[in-house]
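Work through these exercises with the structure open beside you. Try each task before reading its solution.

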Amino acid sequence: MNDADINAAGLRAGLIDSARAARVAERDVFEALDPGLRDAAAADGEWSPKDVQAHLTAWKARTGERLRALRVGLSEPIE
């Protein structure tokens with residue numbers, strides 16, 4: 001193993017740890033919301049807490065696909 005391999009492994013581990021910590025923090029924030037507010041439908045044109053959470057989840061999935069494509073040498077996925 002060379003220095004580049006060690007740095008890549010450390011970066012990967014750090015990214016995984018950060019993603020896990022973010023997931024826990026998001027879950028804690030979402031669970032701390034009053035269930036009446038959290039589960040209420042949004043007013044026209046507004047976003048409910050569930051809408052925000054779904055949006056964040058979709059963006060994380062998209063970013064994961066982009067990173068995977070770059071890792072394996074594919075073109076970035078098109079929206």
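**Exercise 1.** Sort the lining of the largest pocket by residue class, then find where the lining comes from.

*Solution.* Keep in mind that this is a predicted model.
- Step 1. Take the classes. The lining holds eight nonpolar, two polar and seven charged residues.
- Step 2. Check the total. The largest pocket is lined by 17 residues.
- Step 3. Look to the centre. L15, I16, A19, G64 and L67 lie nearest to it.
- Step 4. Trace the elements. Helix 1 (3-32) and helix 3 each give two or more residues to this lining.
- Step 5. Name the main contributor. Helix 1 gives the most, with ten residues.
- Step 6. Add the volume. The largest pocket has about 660 Å³.

**Exercise 2.** Describe the fold of the protein chain and decide whether the chain is compact or spread out.

*Solution.*
- Step 1. Count the elements. The protein chain has three helices and zero strands.
- Step 2. Read along the sequence. The pattern is α-α-α.
- Step 3. Compare the radius of gyration with the globule rule. The radius is 17 Å, and the rule gives 12 Å for 79 residues. The value is well over the rule, so the chain is more spread out than a compact globule.
- Step 4. Box the chain. Along the principal axes, its C-alpha atoms fill roughly 55 × 30 × 10 Å.

**Exercise 3.** Find what the salt bridge between K60 and E26 ties together.

*Solution.*
- Step 1. Recall the principle. Side chains of opposite charge can pair when their charged atoms come close.
- Step 2. Apply the cut-off. A side-chain nitrogen of Lys or Arg must be within 4 Å of a carboxyl oxygen of Asp or Glu. The count comes to four salt bridges.
- Step 3. Take one of them. The side chains of K60 and E26 meet at 2.5 Å, N to O.
- Step 4. Place the partners. K60 lies in helix 3 and E26 in helix 1, so the pair ties together parts 34 residues apart in sequence.

**Exercise 4.** Which residues make the nonpolar surface patch of about 280 Å²?

*Solution.*
- Step 1. Name the members. W47, V52 and L56 make this patch.
- Step 2. Locate W47. This residue sits in the loop between helix 2 (35-39) and helix 3 (49-71).

Definitions and conventions
Residues are numbered from 1 along each chain as its sequence is written. This is a predicted model: local features need pLDDT of at least 70, side-chain atom pairs count only at pLDDT 80 or more; totals for chains, interfaces and linings use all residues. Side-chain values use heavy atoms; hydrogens and water are left out. Patches are made of residues with over 30% relative accessible area and no salt bridge: like charges are joined within 9 Å, nonpolar side chains (Val, Leu, Ile, Met, Phe, Trp, Tyr) within 5 Å. Accessible areas come from the Shrake-Rupley method with a 1.4 Å probe; for residues, only the protein chains shown count as cover. Helices (H or I, at least four residues) and strands (E, at least two) are DSSP runs, numbered from the N terminus. On a 1 Å grid over the protein atoms alone, a cavity is a set of points where a 1.4 Å probe fits but cannot get out, and a pocket is an open set with protein on both sides within 12 Å along at least five of seven lines; lining residues have an atom within 4 Å of a point. Grid points are joined across faces, edges and corners, and a volume is the space filled by probe spheres set on the points. Ala, Val, Leu, Ile, Met, Phe, Trp, Tyr, Cys and Pro count as nonpolar, Asp, Glu, Lys and Arg as charged, and the others, Gly among them, as polar. The radius of gyration is taken over C-alpha atoms; the globule rule is 2.2 Å times the number of residues to the power 0.38.
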